[in-house]
Amino acid sequence: MANLDTNTSSNLTGETSSRAGEPSGTRSAGASVIICAYTLDRRDELACAVQSALEQTLPPREVTVVVDNNPELLAQARERFDGVQVVANHHGPGLSGARNTGADVSSGSILVFLDDDGVASPQWLQEHLAGYSDPSVLGIGGDVTPIWRSDPPRWLPEELYWVIGCTYTGMPVEPAPIRNPIGANMSIRADVFAGAGGFRHELGRLDVGGKAITGTADETEFCIRALQRYPDGQWFYRPAASIRHVVTPHRATWRHFVDRCRLEGGSKAVLVGLRGQRSGLASERRYVARVLPLGVLRELRAAARGEPYALKRAGAICAGLGITTLSYLRARVEMALGGGQRYSS
């Protein structure tokens, strides 16, 4: 395995840090890649993700596959992947619990998370680690571009690519501070992860009228919580730390779009209940006030020029905002009336 130079190692582990509120180093220098998986349907995608992690220009300290609640997949992964640590999720069920398990069994000072249907670029890990030359950086996010398994939906504008788990219009196009990364492609200092308490596996699971809502805001909540613990820190976006992300035909449908918007609204309601509106909706305010109106205006101009699907894209922006907002308001009202459990900090 490649060793990091002394200066970079001291920055990665935080051992030279002396300011209050900064993490201190407790792990070996290097990056531990964590890939969480749960379904046999993605066995081939998982193999591609593992291969891309192993074939980096800067090799990882270790690669760990965490399997959530699937003994058959666990057995197959252990048999298939040589030189890779394969473990079962020993925390709460779901992605957050699996990520926490990966952190528990990893030894590197940087935890790098890759989705099981993601393919990392060759310089992906090198670009992530380069961001930690700044000791204030708590974690890094990178670009996520789609691998379409069907024709891309022409009605879906790039402002709404968060629906398919990819980088969307409104995110920075150059390296810049961000509130939180996209979970499919993110890295976190191991000491920050431990100090902030890891991901909340229950976040987004809310009993509303007897129906469970599974949320998507666990990364956002963790990043806000980490900033509260390390107020001098920041989360940073490095587009060159890029991956490609598989988008199945189902994810390219209107039905998935509606379901994902509803889920986002409910998740944001839980997040605001935990962290307040100022932190919980900080990025969303700019997105709604500036990015979406500009997208609608662009599509209306395109429609005036006779461009096909432009009106549908404008309509999708309006529909997405409306569905997400209504789901958010509904969940907040039902939480206030006692219809759902509000998790404490």
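This is a short talk on the aromatic residues of one protein chain and on a helix that sits among them.

Thank you all for coming; before I start, please keep in mind that what we are looking at is a predicted model. I will begin with the overall picture and then move to the rings.

The protein chain is made up of 10 helices and 11 strands, and of its 345 residues, 55% are buried. If we take the contacts in the chain with a separation of 6 or more, 76% of them are between residues 24 or more positions apart. As for the surface, the chain exposes about 15,500 Å², and 51% of that area is supplied by carbon and sulfur atoms.

Now to the aromatic residues, where the count comes to 11 aromatic pairs. Let me take Trp148 and Tyr161, whose ring centres are 6.0 Å apart and whose planes stand at 70°, which is over the 60 degrees required, so this pair is classed as edge-to-face. The two residues come from distant parts of the chain, since Trp148 belongs to strand β6, residues 137-148, while Tyr161 lies in the loop between β6 and β7, the latter being residues 176-178, and 13 residues separate the two partners. Is each of these partners buried or exposed, or partly exposed? Trp148 has a relative accessible area of 22% and is therefore partly exposed, whereas Tyr161, at 12%, falls under the 20% cut-off and is therefore buried.

A second edge-to-face pair is formed by Phe193 and Phe199, with 5.5 Å from centre to centre and 75° between the planes. Both Phe193 and Phe199 are buried, and they belong to one aromatic cluster together with Phe113, Phe222 and Trp235.

Which residue lies over the face of Phe199 in this cluster? That is Arg99, which is placed 5.5 Å from the ring centre of Phe199, and Arg99 also lies over the face of Phe113, in that case at 6.0 Å from the ring centre.

Arg99 brings me to helix α4, because it is listed among the buried residues of that helix, along with Ser96, Gly97, Ala98, Asn100, Thr101, Gly102 and Ala103. Helix α4 spans residues 95-105, and 8 of its 11 residues are buried, so the helix is largely enclosed by the rest of the structure.

To close, I would ask you to look at Arg99 in the model once more, as a buried residue of α4 that lies over the face of Phe113 and over the face of Phe199.

Key: Residues numbered from 1 in each chain as written. Predicted model: local features only at pLDDT ≥ 70, side-chain atom pairs only at ≥ 80, totals over all residues. Heavy atoms only, no water. Phe/Tyr/Trp six-rings, centres within 6.5 Å; stacked < 30°, edge-to-face > 60°. Helix = DSSP H or I, 4+ residues; strand = E, 2+ residues; numbered from the N terminus. Buried < 20%, exposed > 50% of the residue type's maximum accessible area, 1.4 Å probe, protein only. Lys NZ or Arg CZ within 6 Å of the ring centre and 35° of its normal. Contact = heavy atoms within 4.5 Å. Areas by Shrake-Rupley, 256 points an atom, 1.4 Å probe, with all protein chains shown as cover.
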